[in-house]
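Me: Could you walk me through the pockets and the ligand site of this model? I'd enjoy doing it as questions and answers.

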Amino acid sequence: MARRKIVAGNWKMNKTPSEAKALCEELIPLVKSDDVDVVFCVPAIDIPAAVEAVKGTNICIGAENLYFEDKGAYTGEISADMLLDAGVKFVIIGHSERREYFAETDETVNKKVKKAIEKGLTPIICCGESLTQRKQGIYLDWIRMQIKIAFQDVAAADAAKTVIAYEPIWAIGTGETATDDQAEEVCKAIRDCICEIYDQATAEAIRIQYGGSVNAGNAASLFSKPDIDGGLVGGASLKADFGKIVNYK
Ligand code: PEP
């Protein structure tokens, strides 16, 4: 069975709540699609405004992070229940910026993935190598390790419903996109790794996005690759171009 494409925007630390409302309203008519799942992952404070703005549309709202505990003395953190209650459906976990600036590790990624699944949120699980790791030729080993730890103690049926985003760090926000073949090589390796951990059916079901300077000009060729099921989009998700990425065909 063909996998349904999924295109998610990662707004990062951009847009105030009123700007978020305005951007949602601008993008709603542009991202209409019968074939592609569309997600706006927005800053936590923008969630209520974004959920309200996209009501009745094909857009789901996602968060950019969560904490793996249910509640308690974790100043500044946001729980899965809080996100769910606010109307969130997806959550980005383990973005390279969180790994780099906020000390996120493969182990905390695994805890967050399990919490998201337990609560019924769909995690978008990020992985990807640095330029040094690519040059050293260890990128596939590195990403296989990230995937194996992220999915530790996750059941096959739950894994099948998650989304993985392959995001080479050297391509994020740099304007330098992986070539279609580079992106496909890694997305296929991730699918093979899921097959090793679980089975063929889980590997066939799971959706794997490419992220890293996706834009209106390169989305169609990237998304035509057999193991690339859409994109996680940073910079271009904040402008009208996002509609062209969703409607890439
Ligand atoms: C991202 O932050 O997930 C990302 C892919 O950013 P950009 O599209 O701007 O490279």
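Me: How do the residues lining the second largest pocket divide into nonpolar, polar and charged?
Reply: This is a predicted model, in which local features need pLDDT of at least 70 and side-chain atom pairs pLDDT 80 or more, while totals for chains, interfaces and linings use all residues. Residues are numbered from 1 along each chain as its sequence is written, and side-chain values use heavy atoms, with hydrogens and water left out. A pocket is an open set of points on a 1 Å grid over the protein atoms alone where a 1.4 Å probe fits, with protein on both sides within 12 Å along at least five of seven lines; lining residues have an atom within 4 Å of a point. The lining of the second largest pocket has five nonpolar, eleven polar (Gly counts as polar) and four charged residues.

Me: Which pocket holds the ligand?
Reply: Sitting in a pocket requires more than half of a molecule's atoms to lie within 2 Å of its grid points. By that rule, the ligand is in the second largest pocket.

Me: How far is a backbone N or O atom of Gly173 from an oxygen atom of the ligand?
Reply: A polar contact is a pair of N or O atoms within 3.5 Å. Gly234 offers a polar backbone atom 2.8 Å from a ligand oxygen. For the backbone N or O atom of Gly173, the distance to a ligand oxygen is 2.6 Å.

Me: Which helix gives the most to the lining of the largest pocket?
Reply: Happily, helices here are DSSP runs (H or I, at least four residues), numbered from the N terminus. With three residues in the lining, the top contributor is helix α4 (residues 96-101).

How values were computed: A polar contact is a pair of N or O atoms within 3.5 Å; within protein, one must be able to donate a hydrogen and the other to accept it, and residues adjacent in sequence count only if both atoms are side-chain atoms. Helices (H or I, at least four residues) and strands (E, at least two) are DSSP runs, numbered from the N terminus.
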